[in-house]
Amino acid sequence: MKSMTKNIRDILWISTAAVFVVACQAQTEPEVSNETPVEIPIDESDIPRDAFDMRLSYAPILAPATEAVVSVHTSQIIRRSPRGRNPMEEFLRRFYGLPSPQDSGEEPQERKMPSGVGSGVVIDGTGLILTNHHVITVEGNRDADEILVRLKDGREFEAEVIGKDRDTDVAVLKIQAEDLPTLSIASSDNLQVGDIVFAIGNPLGVGLTVTQGIVSATGRAELGIIGERSYENFIQTDASINPGNSGGALVDAQGRLVGINTAILSRSGGNIGIGFAIPSTLARNIALSLVNEGEIRRGFLGVSLEELTPDLAESFGAVTFRGALISAVQPDSPADEAGLKRGDIVTKVNEAEIIGPDELRSRIASRLPGTEVDLSVVRDGKTLELGVTLGDLERFAQVSVSTMEFLDGVEADFLDDEVREEFGFEDDVNGILIRSVDAVSPYSRQLAAGMVVIEINGVAPQSIENAISLIKPGVNRFYMQANGSYGYLAIRVK
């Protein structure tokens with residue numbers, strides 16, 4: 001199994017297939033037409049944490065949950081030349097001009113090769129199954145040629161891919177079966193550190209397995225597990241999970257689904273007590289979009305964000321270093337209509353604490369357009385509660401087609417009249433507007449959303465492409481405008 005390195009640690013997908021680098025663009029199958037939209041209920045009730053009676057067995061609670069967890073087996077078709085021709089034979093054939101198998105009437109032979117084993121969760125009695133995107137891909141990040149689902153009772157079904165989303169590592173499968181046992185879904189927003197959870201899946205292909213642990217942390221982001229510009233907001237748990245658990249269920253002490261097991265942090269490739277699961281609320285919303293609309297619909301707020309450093313927090317009169325600092329508000333956006341302002345610090349979404357910009361971005365994008373959310377905002381040292389009805393990120397993205405990557409992890413836009421009006425710049429300000437800067441970008445300490453690059457090495461850029469061409473390896477001289485002030489920055493580019 002390959003691994004993804006983060007410093008000296010390895011982050012591993014927890015399916016038995018190889019680790020794949022996941023691209024950032026959401027991919028879906030062609031739109032699915034349903035006469036009646038699928039409904040996936042969610043249980044908003046909280047865990048009764050004040051019940052101190054001793055429980056000697058969770059078997060009655062977990063028995064129904066295990067019935068709804070399945071094994072997912074993938075295969076790929078390998079095309080081979082007849083008679084087992086080896087590479088040397090192929091080289092000699094080409095060198096001497098001998099006919100190819102096609103020319104001689106011999107057809108290449110196809111062979112089905114197993115490529116990986118993962119898990120899945122039945123979320124609807126008609127055969128809808130929730131799993132990970134990486135579970136249904138094979139080497140080279142290609143779609144599997146065949147997906148086989150095996151139920152707990154031993155029945156096997158060939159699965160169809162209803163839709164998939166690389167940016168959240170979620171996929172939905174469909175098997176032709178009825179009256180299947182399902183797993184009820186709880187709101188992952190209610191989870192707290194210390195809550196008991198169980199991981200259910202098919203680790204290492206040994207069969208259905210249940211392990212116990214607690215919620216170690218919530219809101220884990222910036223791990224680089226899914227990929228850049230993805231939506232990471234993981235639940236961390238010490239419940240023992242291993243390769244093959246990908247796509248399986250993380251359930252609470254009431255047997256409800258609270259997460260989809262996705263990856264582990266490990267040096268050896270095995271469990272060391274650091275596992276990650278996609279929150280059930282996010283996975284459910286993605287599934288609803290894929291099934292009912294055939295595409296991904298994400299909530300949109302309409303703000304640019306940056307990290308809240310201790311110095312910035314002090315300058316804004318905030319008593320906490322946690323939160324996401326708003327550096328710009330798009331006119332006529334949901335944020336603008338709700339009364340959010342530049343300089344506000346978002347600390348909570350629906351009572352869930354926000355650690356930084358990435359978590360806020362993930363929590364907003366995990367909700368469907370039209371959803372109402374409550375934001376806790378620190379402004380001038382005072383806490384305000386604001387309600388926001390989220391917009392549609394896809395529609396915003398179609399408008400902002402000019403935005404592109406300017407430097408590694410830095411998204412920028414050419415400052416034309418439309419963008420100038422959107423952000424309130426004067427007519428005499430020209431250049432490249434920095435839209436966003438990833439927290440992991442090598443330039444995150446020098447550049448921030450809302451800055452304008454006026455000159456690069458003494459030349460005024462005329463477009464994003466032109467700006468990129470002006471950057472050279474080594475030290476570059478940027479002339480910048482930030483919050484009405486002008487100055488130079490030395491930007492070193494490898």
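These are my notebook entries on a predicted model, taken sheet by sheet and core by core.

**Entry 1: the six-stranded sheet**

I began with the open sheet, where six strands follow the order S26-S27-S28-S29-S30-S31 with antiparallel pairing. Which strands stand at the edges? I found S26 (404-407) and S31 (485-493) there; each has a single partner strand, so one side of each is left without a neighbour in the sheet. I also looked up the twist: neighbouring strands of this sheet are turned by 45° against each other on average, with direction ignored. As a reminder to myself, strands of a sheet pair through backbone hydrogen bonds.

**Entry 2: two pairs inside that sheet**

Next I followed S27 (residues 410-414) along S28 (residues 432-437), and five bridges join them in the antiparallel sense. If you want to find this pair on screen, start from Val410, whose bridge partner in S28 is Val437.

Then I moved on to S30 (residues 474-482) and S31, which pair antiparallel over nine bridges. How many residues lie between the strands of this hairpin? There are two, and Asn483 takes a positive phi near 55° in the hairpin. Gly474 stands opposite Val493 of S31.

**Entry 3: Glu465**

I stopped at Glu465, which belongs to helix H9 (residues 464-470). Is Glu465 buried or exposed? My note says exposed: its relative accessible area is 52%, and the cut-off for that word is over 50%. I also checked its distance to Glu405: the two are 60 residues apart in sequence, yet their C-alpha atoms are 9.8 Å apart in space.

**Entry 4: strand S16 and its partners**

Strand S16 (residues 257-265) was my next stop. Nine of its nine residues are buried, so this strand is largely enclosed by the rest of the structure. I traced its pairing with S15 (residues 249-252), which is antiparallel over three bridges. Ala249 stands opposite Ile260 of S16. Four residues sit between the strands in this hairpin, and Gly255 takes a positive phi near 75° there.

S16 also runs antiparallel to S17 (residues 275-279), with five bridges joining the two. Here I marked Ile264, which stands opposite Gly275 in S17.

**Entry 5: the nonpolar cores**

Which residues have the most contacts inside the largest nonpolar core? They are Val149 and Ile175, in a core of 58 residues. Helix H3 (residues 280-293) gives the largest share of this core, seven residues. A second, separate core has 21 residues, including Val410, Ile464, Leu470 and Phe478. Val410 is familiar from Entry 2, as the bridge partner of Val437. In general, nonpolar side chains tend to be buried together in soluble globular proteins.

I then listed the neighbours of Ile175, leaving out residues up to four places away in sequence. Among those it touches are Val149, Leu151, Phe157, Glu158 and Leu180.

**Entry 6: helix H3**

I closed with H3. Twelve of its 14 residues are buried, so the helix is largely enclosed by the rest of the structure. The buried set includes polar names such as Ser280, Thr281, Arg284 and Asn285, along with Leu282, Ile286 and Val291.

Does its length come out as expected or not as expected? At 1.5 Å a residue, the 14 residues should span 20 Å; the end C-alpha atoms of H3 are 19 Å apart, which agrees. Just after the helix, Gly294 takes a positive phi of about 70°.

Key: Residues are numbered from 1 along each chain as its sequence is written. This is a predicted model: local features need pLDDT of at least 70, side-chain atom pairs count only at pLDDT 80 or more; totals for chains, interfaces and linings use all residues. Side-chain values use heavy atoms; hydrogens and water are left out. Two strands pair if DSSP finds at least two bridges between them. Axes are lines fitted to C-alpha atoms, for helices over the stretch in contact, and angles run from 0 to 180 degrees between N-to-C directions. Buried means under 20% relative accessible area, exposed over 50%, partly exposed in between (1.4 Å probe, protein chains only). A nonpolar core is a set of buried Ala, Val, Leu, Ile, Met, Phe, Trp, Tyr and Cys residues joined through side-chain atoms within 4.5 Å. Contact means heavy atoms within 4.5 Å. The expected span of a helix is 1.5 Å times one less than its number of residues.
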